[in-house]
Amino acid sequence: MPLPFLTADRDLDDRAAETPALPHDEPDHWRRPYRPGPWRVGAAAVLLLLASFVLLSAMIIAMAGSLPGAGACALIGVLLTALAVRLVRVGVWVSAQGLRQVNLLRTTTTPWNALASVRTLQQPVRWLGLPRTVQGQALVVERSQGAPLRPLITDHSGDFLARPESFEQATDVLEAWAAEHGVPQGRPGGSGSDRLP
């Protein structure tokens, strides 16, 4: 008796083996060169669960005849859903046009020719985006002119906490995109990355 979910998994594994490590087939499309981490996906799932309860409450309130209350609940549910989607989209996106840093409330796009260097440094980083800082590694980008960008990714963020191999792969891919578009690696005039062994 064949199990369809096993067949589907096998089919996905076959397709994954055919795809290259760096997705260069459509360089003009914005893409995140790493997967969102379990902490970020878990927080978005909790927000979506809360949004479903709020929307269910809106439906019950509407059936009870209080339309203003139902509208307020529906608005809160839609806002929670939008927040969950935005939370999953937070991260670093790349394309042939440049580097895009998506935060919860704003997005910063910088063309490749405006970047002076990309390097991995050991420095204090925020733990899961909270005010608490710990010693860790961060991928730092300096602009040719103006203030440097906030650290792009850190090994204690919602995407890479307790996943050091994924952090290393993500920094390697981002540094490869930067090198392909002519951005120097390491400190200007220096000798490359300050990454820990």
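Which strands do the buried residues of H4 pack against? The legends below describe close-up views of a predicted model, beginning with this helix.

**Figure 1. Helix H4 and the strands that its buried residues contact.** The buried residues of H4 pack against E1, E4, E5 and E6. Those buried positions are Ser-166, Phe-167, Ala-170, Thr-171, Val-173, Leu-174, Glu-175, Trp-177 and Ala-178. The helix has 17 residues, and its first and last C-alpha atoms lie 24 Å apart, close to the 24 Å expected at 1.5 Å a residue. After H4 comes Gly-182, which has a positive phi near 85°.

**Figure 2. Helix H2 and its cover.** H2 comprises 27 residues and spans 39 Å from its first C-alpha to its last, close to the 39 Å expected at 1.5 Å a residue. Buried in this helix are Arg-40, Ala-44, Leu-47, Ala-51, Val-54 and Ala-58. H3 is included in what covers these buried residues of H2. Gly-65 follows H2, and its phi is positive, near 105°.

**Figure 3. Surroundings of Leu-80 in helix H3.** Leu-80 is located in H3, which covers residues 67-89. With a relative accessible area of 15%, Leu-80 counts as buried because the cut-off is under 20%. Leaving aside residues up to four places away in sequence, Leu-80 touches Leu-47, Leu-50, Ala-51 and Val-54. Of these contacts, Leu-47, Ala-51 and Val-54 also appear among the buried residues of H2. The C-alpha atom of Leu-80 is separated by 10.0 Å from that of Leu-55, a residue 25 places away along the chain.

**Figure 4. The open sheet formed by E1, E2 and E3.** Three strands make up this open sheet in the order E1-E2-E3, with antiparallel pairing. Strand E1 (91-95) and strand E3 (107-111) are the edge strands, each pairing on one side only. From one strand to the next, the twist averages 15°. E1 and E2 are joined in the antiparallel sense by 5 bridges, and Val-94 has Leu-99 in E2 as its bridge partner.

**Figure 5. Gln-101, a buried residue of strand E2.** Gln-101 belongs to strand E2, residues 98-102. Its relative accessible area is 5%, so Gln-101 falls under the 20% limit for a buried residue. A polar atom of the Gln-101 side chain lies 3.3 Å from the backbone oxygen of Pro-151. Pro-151 is also one of the residues that Gln-101 touches, together with Gly-91, Arg-106, Thr-107, Thr-108, Leu-149, Arg-150 and Leu-152; residues up to four places away in sequence are not counted here.

**Figure 6. Antiparallel pairing among E4, E5 and E6.** E4 and E5 run antiparallel and are joined by 11 bridges. One of the bridge pairs places Leu-115 opposite Arg-143 in E5. The two strands form a hairpin with 6 residues between them, and Leu-128 in the turn has a positive phi of about 55°. E5 also pairs with E6 in the antiparallel sense, over 2 bridges. Here Ala-138 has Thr-154 in E6 as its bridge partner.

**Figure 7. The salt bridge between Glu-142 and Arg-119.** The side chains of Glu-142 and Arg-119 meet in a salt bridge with an N to O distance of 2.9 Å. The pair links distant parts of the chain, 23 residues apart: Glu-142 is in strand E5 (residues 133-143) and Arg-119 in strand E4 (residues 115-126). Glu-142 is partly exposed, with a relative accessible area of 21%, whereas Arg-119 counts as buried at 4% relative accessibility. The two residues fall into separate classes because buried means under 20% relative accessible area, with 21% for Glu-142 and 4% for Arg-119.

**Figure 8. The salt bridge between Asp-159 and Arg-40.** Asp-159 forms a salt bridge with Arg-40, and the closest N and O atoms are 2.9 Å apart. This pair connects distant parts of the chain, 119 residues apart: Asp-159 lies in the loop between strand E6 (153-154) and helix H4 (164-180), and Arg-40 in helix H2 (residues 38-64). Both Asp-159 and Arg-40 are buried. The count of salt bridges in the model comes to 2.

Methods:
Residues numbered from 1 in each chain as written. Predicted model: local features only at pLDDT ≥ 70, side-chain atom pairs only at ≥ 80, totals over all residues. Heavy atoms only, no water. Helix = DSSP H or I, 4+ residues; strand = E, 2+ residues; numbered from the N terminus. Buried < 20%, exposed > 50% of the residue type's maximum accessible area, 1.4 Å probe, protein only. Polar contact = N/O pair within 3.5 Å; in protein donor to acceptor, adjacent residues only side chain to side chain. Contact = heavy atoms within 4.5 Å. Salt bridge = Lys/Arg side-chain N within 4 Å of Asp/Glu carboxyl O. Pairing = 2+ DSSP bridges. Axes fitted to C-alpha atoms, helices over the stretch in contact; angles between N-to-C directions. Expected span 1.5 Å × (residues − 1).
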